[in-house]
Amino acid sequence: MRVVIVDLGVGNIQSLASALAYLGAPYLVSDDPGTLPTATHVILPGVGAFDPAMARIAERSLAEALRTYANESKRPLLGVCLGMQLLCTGSEEGSLPGLGLIPGRFVRLEPRPGSTQKVPHVGFAPTYGFAQTGLFDGFGAQAYFYFTHSYALPEIEVGCNVAMCDHVRPFVAGFQRENIFGVQFHPEKSQSAGLRLISNFLESTL
Amino acid sequence: MLSRNFRLQGIGSIDWLFDNYDFAKVSRGLDELMVLDVSRGDRNSERFANAVQHIAGRCFIPMTVGGGVRSLGIAQLYMRSGADKLLINSAFRDDPALCRSLAAQFGRQCIVAGVDYRRTPQNARCVMTDNGSKEVSMSLSKWVNTLQRSGAGEILLQSIDQDGTGTGLDLAVLDELHKSSESPCILMGGVGKASHIIDGLLHPMVDAVATANLLNFIGSAFPDVRRTILAKGIEMAHWVDDEYALLRGKFGGGAEFPARR
C-alpha cells in the first residue's frame with residue numbers, strides 16, 4: 001500500500017496524515033504528479049477557496065496525472081472537503097473549471113430567512129441515505145461527521161452510492177462512484193467514524 | 001497543564017495528561033477540544049505548539065487553540081501545529097484589524113472570540129480582557145456585536161464567577177444578548193455534572209457547552225455524560241464504543257507515534 005496525499009498548500013494536511021498513521025497506512029505527502037503512477041490510493045484534501053487550489057493543480061501539472069490515475073488506471077481517488085469540489089465540473093465559488101471527474105456544480109448555501117441554521121455550516125451533522133457498502137460499509141442507517149463549509153453539491157448522477165445531509169438544504173455529504181470517492185465533511189475530524197470511512201477507502205481496490 | 005482558567009491549578013505536563021488520564025481515550029467522548037496557553041508572563045510558544053501538535057496527532061476531532069494570539073505569526077504557528085480554529089480574546093480589543101485579517105485569511109469559521117465576564121457589585125455583567133484584569137466599558141451585548149464585526153465566527157462566553165465552582169452555568173447571561181445572534185454561541189464556566197450541560201444545551205441560544213473542570217476528565221466521565229445527554233433526546237453525534245481499538249494499526253504499516261497506555 002502506498003497512499004499519496006496531494007498537498008496543494010491549501011489547508012493543513014497534518015490531521016489527515018495522523019489518521020493514516022493511526023491506521024497504519026504507509027503514506028507520502030507530495031504535490032509531484034510523478035508520485036501518482038506508483039500510488040495505490042490518492043487523497044486530494046483541501047480547505048479554502050476553489051480557484052487558488054485549481055490554479056495550483058495547473059501550476060504543478062497535476063490535472064492530467066489525476067485524470068489518468070482515476071480514469072485509466074482506475075485506482076481509488078478520494079476528494080476531501082475542497083478536494084471533493086475539485087473533482088467536479090465547477091463551483092459557484094470560483095471561475096476556473098474543476099477536474100471534471102464527476103459531473104456536478106457546487107452552489108453556495110444560502111441561509112433561509114427565519115431559520116436558525118447558519119452559514120457556513122460548521123459542526124457535526126448526521127448523514128443518511130447511503131448503501132452500507134464500500135465507503136459507507138458498517139455505518140448503520142445514519143452516521144455523524146464534522147462539516148465546515150459554505151458551498152455544497154446539491155445532487156449527483158444516478159449510479160453513485162450517495163450519503164446526504166441537510167443543512168439549509170439537502171446536499172451530497174459523500175459519494176462513491178466505482179473508484180472515485182468524495183466527502184464534503186472532514187473524516188480526520190470525525191472521531192472513529194471518520195477513521196472507519198478512511199479505512200473503507202483504503203480497503204477498496206479494483 | 002493547568003486546570004481552570006482563572007483559578008489556575010498546576011497538574012502536570014502533556015505527557016502526564018496522556019499517561020495518567022489516557023487523554024486520547026478521554027477525547028473520544030467529546031465533540032471538540034480547546035487547548036489554551038494560559039501562561040502568565042513569558043510564553044514559550046514553540047513548546048506550546050509542540051504540545052498542540054502532540055495532541056492533534058492523537059485526537060481526531062476539531063481543535064481550537066488559543067492563548068496569546070496577538071500576531072499573525074502566532075496565529076500561523078497554531079494553525080500549522082494542528083489548530084482548526086483560533087481562540088482570540090484581548091486582541092479583539094487591542095488589535096481588531098488583526099482579527100479581521102485573520103478572519104479573512106483563515107475564514108471566519110476559524111475565529112472563536114473569547115468573552116470573559118464577571119458580575120459587578122451592581123449585579124451587571126462586565127466583560128474583562130487580559131486574563132480578567134481589564135474592564136471593557138461597553139455592554140456585553142454591544143461587545144458581542146463589535147466582535148462579530150471584527151471577524152468573530154463563534155462566541156465563547158465564559159463566566160469568571162462560575163468558573164471552577166461546579167455549581168452550574170450562568171444561563172441568564174443569554175438574556176442580555178440579541179436573540180438573532182448570527183454566531184454560534186458556546187457557554188462555559190461552572191459545569192460540574194451532566195445536568196449542567198443538559199440545561200445549557202436545551203437553551204435555544206446555546207449551540208455548545210464547554211468545560212475545563214478536571215473532574216470531567218477522569219475515567220469514563222465524558223462518555224457517561226454523553227450517554228446521559230443522548231438519552232434526554234438532545235441531538236448529538238453518536239460515537240461507537242471500541243471502534244478505535246478495531247481500527248488502530250489496521251493496515252499494519254506501523255503507527256507513526258509510539259503507543260500509549
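How many of the 7 residues of strand E10 (residues 161–167) of chain A are buried? The answer is 5, so strand E10(A) is largely enclosed by the rest of the structure. Buried here means that 20 or more other C-beta atoms lie within 10 Å of a residue's own; exposed means 12 or fewer, partly exposed lies in between, and C-beta atoms are placed from the backbone. Strands (E, at least two residues) and helices (H or I, at least four) are DSSP runs numbered from the N terminus.

This is a predicted model, in which local features need pLDDT of at least 70 and side-chain atom pairs count only at pLDDT 80 or more, while totals for chains, interfaces and linings use all residues. Residues are numbered from 1 along each chain as its sequence is written, and chains are lettered from A and ligands numbered from 1 in the order in which they are written.

**Chain A**

E10(A) runs antiparallel to strand E11 (residues 169–177) of chain A, and 7 bridges join them. Two strands are taken to pair if DSSP finds at least two bridges between them. Across this pair, A:Val162 stands opposite A:Phe175 of E11(A). The hairpin has 1 residue between its strands, and A:Val168 takes a positive phi near 75 degrees in it.

A:Phe175 also serves as a reference point for A:Gly79, which belongs to strand E4 (residues 77–80) of chain A. The two residues are 96 residues apart along the chain, with their C-alpha atoms separated by 9.9 Å. A:Gly79 is buried, with 29 other C-beta atoms within 10 Å. Apart from neighbours within four places in sequence, A:Gly79 is in contact with A:Leu44, A:Met84, A:Leu86, A:Leu87 and A:Gly182. Contact means that the C-beta atoms of two residues, placed from the backbone, lie within 7 Å.

Elsewhere in chain A, 3 strands form an open sheet of mixed pairing in the order E5-E6-E9. Strand E5 (88–91) and strand E9 (151–152) stand at its edges, each with a single partner strand, so one side of each is left without a neighbour in the sheet. Strand E6 (residues 102–108) is joined to E9(A) by 2 bridges, and these strands run antiparallel. A:Arg108 has A:Tyr151 in E9(A) as its bridge partner.

The loop between E6 and strand E7 (121–128) of chain A contains A:Pro120. The peptide bond that joins A:Val119 and A:Pro120 is cis, with omega about 5 degrees.

**Chain B**

Chain B has 10 helices and 11 strands. Of its 261 residues, 36% count as buried. Among contacts in chain B with a separation of 6 or more, 62% come from residues 24 or more positions apart.

Helix H3 (residues 45–56) of chain B has 12 residues, which at 1.5 Å a residue should span 16 Å; the end C-alpha atoms are 16 Å apart, which agrees. The expected span is 1.5 Å times one less than the number of residues. The buried residues of H3(B) are B:Phe48, B:Ala51, B:Val52, B:Ile55 and B:Ala56. Seen down the helix axis, they fall within an arc of 135 degrees, so they line one face of H3(B). That arc is taken over the directions from the helix axis to the C-beta atoms. On the face turned away from the buried side, H3(B) carries the exposed residues B:Glu46 and B:Arg47.

The largest nonpolar core has 131 residues, of which B:Leu86, B:Ala113 and B:Leu156 touch the most other members. Such a core is a set of buried Ala, Val, Leu, Ile, Met, Phe, Trp, Tyr and Cys residues joined through C-beta atoms within 7 Å. Not counting residues up to four places away in sequence, B:Leu156 touches residues including B:Leu87, B:Val112, B:Ala113, B:Ile186, B:Met188 and B:Ala210.

Two loop residues of chain B have positive phi without being glycine.

| Residue | Phi | Loop in chain B | Other C-beta atoms within 10 Å |
|---|---|---|---|
| B:Asn123 | near 70 degrees | between E6 (111–119) and E7 (125–129) | 6, exposed |
| B:Asp130 | near 55 degrees | between E7 and E8 (134–135) | 12, exposed |

**Contact between the chains**

The contact takes 31 residues from chain B and 29 residues from chain A. On the side of chain B that touches chain A, helix H4 (72–80) and helix H10 (243–247) are the elements that give two or more residues. H10(B) gives the most, with 3 residues. By class, this side of chain B has 14 nonpolar, 8 polar and 9 charged residues. In this classification Ala, Val, Leu, Ile, Met, Phe, Trp, Tyr, Cys and Pro are nonpolar, Asp, Glu, Lys and Arg are charged, and the others, Gly among them, are polar.
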